[in-house]
Amino acid sequence: MASANNNLSGYDASKVPNGQNYRIAIVVAEWNISITDNLYQGARKTLLDHNVQSENIVKVDVPGSFELIYGASKVQRQGFDAVIAIGSIIQGETRHFEFIANAVSQGIKDLNLNGKAPVIFCVLTDDNIEQSKARSGGEMGNKGIEAAVTALRMIAL
Ligand code: DLZ
């Protein structure tokens, strides 16, 4: 399986930086909200577990994954230490999936190259809803947890 030996949301908490003084924005796409909300909950809980203060976690909702680029760009310029972009793109009958997935990954890459704060890519790109469920709190873990750990590590870099 492609995910064999990869992080399935288990991690060594002792190696994660203390988030006590960090401010983190989480931009969440509303498309496939049952998936993106689970990812958000996983990310938020993980940040709290690592001492990020509740008032220092700011959630911003955008309509779909395509809007994550603008949303993340906007908050990236507002002094946050990191931004987590959460979306769920699921293959449909048309090529829409490819265009959105490519645009979002390229757009977020550009923000990482040009902005001050790291933008963490927490966008599922799945063939079907079952795969998305498995990665948002199911048998493949919760990618929101992994994104939060990544954000804390990148801030401390
Ligand atoms: C239009 C569209 C489609 C078909 N599929 C998804 C999806 O699977 N996941 C997602 O986050 N957004 C989807 N969207 C919406 C686009 O991201 C975007 O919101 C619209 O094209 C408006 O710019």
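The following exercises, each with a worked solution, concern a predicted model.

**Exercise 1. The central strands**

Task: Determine which strands pair with β3 (82-90), in what sense, and how far β3 is enclosed.

Solution.
Step 1. Begin with β1 (24-29). Strands β1 and β3 run parallel to each other and are joined over five bridges. One point in this register is Ala25, whose bridge partner in β3 is Val83.
Step 2. Turn to β4 (119-126). The pairing of β3 with β4 is also parallel and extends over eight bridges. Here Ala85 has Phe121 of β4 as its bridge partner.
Step 3. Consider burial. Of the nine residues of β3, eight are buried, so the strand is largely enclosed by the rest of the structure.

**Exercise 2. The nonpolar cores**

Task: Identify the elements that build the largest nonpolar core, and state which of them gives the most.

Solution.
Step 1. Locate the residues with the most contacts inside the core. The largest nonpolar core holds 24 residues, and Ile24, Ile26, Leu47, Ile84, Ile86 and Leu152 touch the most other members.
Step 2. Assign the core to elements. At least two residues come from each of β1, α1 (33-49), β3, β4 and α5. The largest contribution, six residues, is that of α5.
Step 3. Note the second group. Another core, of 18 residues, lies apart from this one and includes Val62, Val75, Ile89 and Ile108.
Step 4. Examine one member in detail. Beyond its neighbours within four places in sequence, Ile24 has contacts that include Leu47, Val52, Ile84 and Leu152. Asn56 and Phe80 are also among the contacts of Ile24.
Step 5. Place the result in context. In soluble globular proteins, nonpolar side chains tend to be buried together.

**Exercise 3. Two pockets**

Task: Describe the volume, the lining and the contributing elements of the largest pocket and of the second largest pocket.

Solution.
Step 1. For the largest pocket, the volume is about 270 Å³. Its lining comprises 14 residues, and those nearest the centre are Trp31, Ile89, Ile90, His96 and Ile100.
Step 2. Both β3 and α3 (96-114) supply at least two residues of that lining. By class, the lining of the largest pocket has six nonpolar, seven polar and one charged residue.
Step 3. For the second largest pocket, the volume is about 170 Å³. Among the residues that line it are Phe121, Asp126, Arg135, Lys143 and Glu146.
Step 4. Both β4 and α5 (143-155) supply at least two residues of this second lining, and β4 gives the most, with seven. The classes here are six nonpolar, two polar and four charged.

**Exercise 4. Positive phi outside glycine**

Task: For Asn32 and Asn51, give the phi value, the place in the chain and the degree of exposure.

Solution.
Step 1. Recall the background. Most residues other than glycine have a negative phi.
Step 2. Asn32 has a positive phi, near 55°, and lies in the loop between β1 and α1. Because its relative accessible area is 24%, Asn32 is classed as partly exposed; the class runs from 20% to 50%.
Step 3. Asn51 likewise has a positive phi, of about 75°, and is placed in the loop between α1 and β2 (57-62). With a relative accessibility of 36%, Asn51 is also partly exposed.

**Exercise 5. Serine and isoleucine in helices**

Task: Decide whether Ser132 and Ser73 are buried or exposed, and list what Ile145 contacts.

Solution.
Step 1. Ser132 belongs to helix α4 (residues 129-134). Its relative accessibility is 0%, so Ser132 is buried.
Step 2. Apart from neighbours within four places in sequence, Ser132 contacts Ile35, Ser88, Ile90, Leu124 and Asp126.
Step 3. Ser73 belongs to helix α2 (residues 68-76). The cut-off for a buried residue is under 20% relative accessible area; Ser73, at 16%, therefore counts as buried. Beyond residues up to four places away, Ser73 touches Leu68 and Leu111.
Step 4. Ile145 lies in helix α5. Leaving out neighbours within four places in sequence, its contacts are Ser9, Tyr11, Gly42, Ala43 and Thr46.
Step 5. Finally, compare sequence with space for one pair. Ile145 and Phe121 are separated by 24 residues in sequence and by 12 Å between C-alpha atoms.

Key
Residues are numbered from 1 along each chain as its sequence is written. This is a predicted model: local features need pLDDT of at least 70, side-chain atom pairs count only at pLDDT 80 or more; totals for chains, interfaces and linings use all residues. Side-chain values use heavy atoms; hydrogens and water are left out. On a 1 Å grid over the protein atoms alone, a cavity is a set of points where a 1.4 Å probe fits but cannot get out, and a pocket is an open set with protein on both sides within 12 Å along at least five of seven lines; lining residues have an atom within 4 Å of a point. Grid points are joined across faces, edges and corners, and a volume is the space filled by probe spheres set on the points. Helices (H or I, at least four residues) and strands (E, at least two) are DSSP runs, numbered from the N terminus. Ala, Val, Leu, Ile, Met, Phe, Trp, Tyr, Cys and Pro count as nonpolar, Asp, Glu, Lys and Arg as charged, and the others, Gly among them, as polar. A nonpolar core is a set of buried Ala, Val, Leu, Ile, Met, Phe, Trp, Tyr and Cys residues joined through side-chain atoms within 4.5 Å. Buried means under 20% relative accessible area, exposed over 50%, partly exposed in between (1.4 Å probe, protein chains only). Contact means heavy atoms within 4.5 Å. Two strands pair if DSSP finds at least two bridges between them.
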